[in-house]
Amino acid sequence: MKFGESSFDLLYLIFAITSGIIILRRAGNRTEKQMGLAALILGCGDAFHLVPRVLNYFVSADFIAALGIGKLVTSVTMTVFYVLLYTIWLGYFRVQEKRSVNMTVYALAALRILLCLFPQNGWLENSGSLLWGILRNIPFTALGAVVCVLYFQQKTEDRTFRYVWLYILLSFLFYIPVVVGTEAVPMLGMLMLPKTICYVLLIVIFLRATRHAQSK
């Protein structure tokens, strides 16, 4: 179990970070740079949590604080990732910005990050309460829903990006049971694996989009 999960986590981190660098090197415009930045933030942010998790399996040391802080960093960077997904949507589909949508996206992101900073989350002890786990994920889920709907509306306009909405939706369907039920049923934590695969597929889309742009 520990070898399989650790190998998966490390391969994911290497893929995400390497892909981010590749996309940034390929990038020919602002939107493509945002794709590379999104992949890089995703990989680097998750590394703060996954690296201590892997080390915890093989090293006899106290990783409680490192795991908790890693979750905090991941929570913040994942929020930034969804804001970048929104700005990528604006640029890739050349959509005219709407003030109401902008305000909604940035307000939800700010609220999510603010809630993550409260000491009641218990990051240093890696033992936050279920209540705060739910509270901080309400604006995050709403943010994901907004971005998912935006991509769904454009799904027929581009073959490369047509499944982005689906991967976002699936990632939350895998993630929400972990938030609300993993303390009662630890095996629900395994749903983080297919959730991660959804993010890998999103990065693959960024790679394809920048490859096609480079070949034009």
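Visitor: Where is the place of Glu5 in this structure?
Guide: Welcome! Bear in mind that this is a predicted model. Residues 2-26 make up one helix, and Glu5 falls among them. Its place is therefore helix α1 (DSSP runs are numbered from the N terminus).

Visitor: Is Glu5 buried or exposed?
Guide: A residue counts as buried when its relative accessible area is under 20%. The value for Glu5 is 11% relative accessibility, so Glu5 counts as buried.

Visitor: Which residues is Glu5 in contact with, leaving aside its neighbours within four places in sequence?
Guide: Contact here means heavy atoms within 4.5 Å. Once the neighbours within four places are set aside, the contacts of Glu5 are Arg53 and Tyr57.

Visitor: How many helices and strands does the protein have?
Guide: Read along the sequence, the pattern is α-α-α-α-α-α-α. The count is zero strands and seven helices.

Visitor: What is the radius of gyration of the protein, and how does it sit beside the value for a compact globule?
Guide: The C-alpha atoms fill a box of roughly 50 × 35 × 25 Å along the principal axes. For 216 residues, a compact globule would have a radius of gyration near 17 Å. The protein agrees with that, because its own value is 17 Å.

Visitor: What share of the residues of the protein count as buried?
Guide: Buried means under 20% relative accessible area. Applied to the 216 residues of the protein, this gives a buried share of 44%.

Visitor: How many positive and negative side chains are there, and how far apart do the centres of the two sets lie?
Guide: Lys and Arg count as positive, Asp and Glu as negative. The protein has 19 positive and 10 negative side chains. The centres of these two sets lie apart by 10 Å.

Visitor: Is the aromatic pair of Tyr163 and Tyr167 stacked, edge-to-face or tilted?
Guide: A search of the whole structure finds 21 aromatic pairs. Tyr163 and Tyr167 form one with 6.5 Å centre to centre and 50 degrees between the planes. Planes under 30 degrees apart count as stacked and over 60 as edge-to-face, so this pair is tilted.

Visitor: Which of the two, Tyr163 or Tyr167, counts as buried?
Guide: Tyr163 has 39% relative accessibility, so Tyr163 counts as partly exposed. The value of 16% puts its partner in the buried class, and that partner is Tyr167.

Visitor: Which residues do ring pairs link into a cluster?
Guide: Phe and Tyr residues take part in this cluster. Its members are Phe81, Tyr82, Phe140, Phe172, Tyr175 and Tyr199.

Visitor: What is the phi of Arg94?
Guide: Arg94 lies in the loop between α3 (64-92) and α4 (99-116). Arg94 is exposed, because its relative accessible area is 75%. Most residues other than glycine have a negative phi. Arg94 has a positive one, near 50 degrees.

Visitor: Which residues does Asp158 touch, not counting those up to four places away in sequence?
Guide: Asp158 is found in the loop between α5 (130-153) and α6 (164-181). At 19% relative accessibility, under the 20% cut-off, Asp158 counts as buried. The residues that Asp158 touches are Tyr92 and Phe93.

Visitor: What separates the C-alpha atoms of Leu166 and Phe152?
Guide: Leu166 has its place in helix α6, and at 27% relative accessibility Leu166 counts as partly exposed. Leu166 and Phe152 are 14 residues apart along the chain. Their C-alpha atoms are separated by 7.9 Å.

Definitions and conventions:
Residues numbered from 1 in each chain as written. Predicted model: local features only at pLDDT ≥ 70, side-chain atom pairs only at ≥ 80, totals over all residues. Heavy atoms only, no water. Helix = DSSP H or I, 4+ residues; strand = E, 2+ residues; numbered from the N terminus. Rg over C-alpha atoms; globule rule 2.2 N^0.38 Å. Buried < 20%, exposed > 50% of the residue type's maximum accessible area, 1.4 Å probe, protein only. Charge placed at Lys NZ, Arg CZ, Asp CG, Glu CD. Phe/Tyr/Trp six-rings, centres within 6.5 Å; stacked < 30°, edge-to-face > 60°.
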